[in-house]
Amino acid sequence: IYAGSGEATQRPDLSIGNGLYKSTDAGKTWQHLGLRNGQQIASIAVDPHNPGRLFVAVLGHPYGPNKQRGVFRSTDGGKRFQKVLYKGENVGAAEVVLDPSNPKIVYAVLWAVRSMPTVIGVSFRHLPKVPGSGLFKSTDGGNTWHRIGRGLPTVAQGLGRIRLAIAPGNPDRIYASVSAGMYRSDNAGQSFYRVSHDPRNSGGFVTVAPNNPDEIYVSSTALYRSMDGGKTFTAIRGAPGGNDYHHVWI
């Protein structure tokens, strides 16, 4: 089991962590692996065929710049880490996901953002003048990366933080929940189109059913479900006023 510390959201009352941990006895004992200065570990992706190969998305310091940000890779169970995707001291990694059919294909979300600890009513602000936010893909196990996501909005148009989900039964189908709505790709992320303007699912965590790429769940103030590939959503659990669901596993 790998566990990242630190709250990976941007808010004025967040708590930071001290890096990455690992357990080899089903959680009874833990070993600290490093990435201590990353403060916010946003996501971890482990190769299903090799538990020693993992990618870690490090969001970094919430209130200022730091260099321990981006996507890190380890091939020896966390003894050593290599920074494989980095766009500067103001751009953190908000998510990293492996293609369920091919673990050499890696997707990563980068996000230039800054928390606002002293502003009432404003929890964070995007850094539109800082280049690097967006969706990136590697097809060689993280050695090289290129930006993808034609059709997604720009930062100025409401990109915000991208919540990514790949359909296990059809890895070419990718959903991206952003501030401007729900977007969908049917060609492994090369291009996206908006399928929903519904503000209820903007920015929420997305989970795709393993046997139906059109069945998706969005965790937000309530739990929402779509059975038509993200075109329409129904609240199936919780109150829209703010039950605050965080994730779904199937």
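How many bridges pair β8 with strand β9, and in which sense do the two run? The views below start from that question and then move around this predicted model.

**View 1. Strands β8 and β9 form an antiparallel pair.** Eight bridges hold the pairing together, with β8 covering residues 91–99 and β9 covering residues 102–115. To find your bearings, look for A93, which stands opposite L110 in β9. The link between the two strands is a hairpin of two residues. Strand β8 is mostly covered, and nine of its nine residues count as buried. Keep β8 in mind, as this strand returns in the next view, where it contributes six residues to a pocket lining.

**View 2. The largest pocket holds about 1100 Å³ of space.** Its lining is made up of 31 residues. If you would like to zoom in on the centre, the residues nearest to it are I44, E95, V97, H247 and W249. Which strand gives the largest share of this lining? That is β8, with six residues. At least two lining residues each also come from β4 (41–46), β13 and β17 (205–208). Sorted by class, the lining has 22 nonpolar residues, together with five polar and four charged ones.

**View 3. The second largest pocket has a volume of about 650 Å³.** Here 22 residues form the lining, and T9, F124, R163, G203 and D244 are the closest to the centre. The class count for this lining is four nonpolar, 13 polar and five charged residues. It is worth setting this beside the lining of the largest pocket, with its 22 nonpolar, five polar and four charged residues.

**View 4. Four strands make an open antiparallel sheet in the order β13-β14-β15-β16.** Why do β13 and β16 each have a side without a neighbour in the sheet? Strands β13 (163–166) and β16 (193–196) stand at the edges with a single partner strand each, so one side of each is left free of a neighbour in the sheet. From one strand to the next, the twist averages 30°. Within the sheet, β14 (residues 174–178) pairs with β15 (residues 181–185) over five bridges in the antiparallel sense. A handy landmark here is A176, which stands opposite Y183 in β15.

**View 5. Strands β1, β2 and β3 build a three-stranded open sheet, in that order, with antiparallel pairing.** The edges are β1 (2–4) and β3 (31–34), each of which pairs on one side only. The twist in this sheet averages 30° from one strand to the next. Strand β2 (residues 20–22) is joined to β3 by three bridges, and the two run antiparallel. To locate this pairing, look for Y21, which stands opposite H32 in β3.

**View 6. Stepping back, the protein chain has 20 strands and zero helices.** Of its 250 residues, 53% count as buried. The C-alpha trace spans about 45 × 45 × 35 Å along the principal axes. How does the radius of gyration of the protein chain agree with that of a compact globule? A compact globule of 250 residues would have a radius of gyration near 18 Å, and the 17 Å of this chain agrees with that.

Note on methods
Residues numbered from 1 in each chain as written. Predicted model: local features only at pLDDT ≥ 70, side-chain atom pairs only at ≥ 80, totals over all residues. Heavy atoms only, no water. Buried < 20%, exposed > 50% of the residue type's maximum accessible area, 1.4 Å probe, protein only. Pairing = 2+ DSSP bridges. Axes fitted to C-alpha atoms, helices over the stretch in contact; angles between N-to-C directions. 1 Å grid on protein atoms, 1.4 Å probe; cavity = no way out; pocket = protein on both sides within 12 Å on 5 of 7 lines; lining within 4 Å. Points joined across faces, edges and corners; volume = space filled by probe spheres on them. Nonpolar A, V, L, I, M, F, W, Y, C, P; charged D, E, K, R; others polar. Rg over C-alpha atoms; globule rule 2.2 N^0.38 Å.
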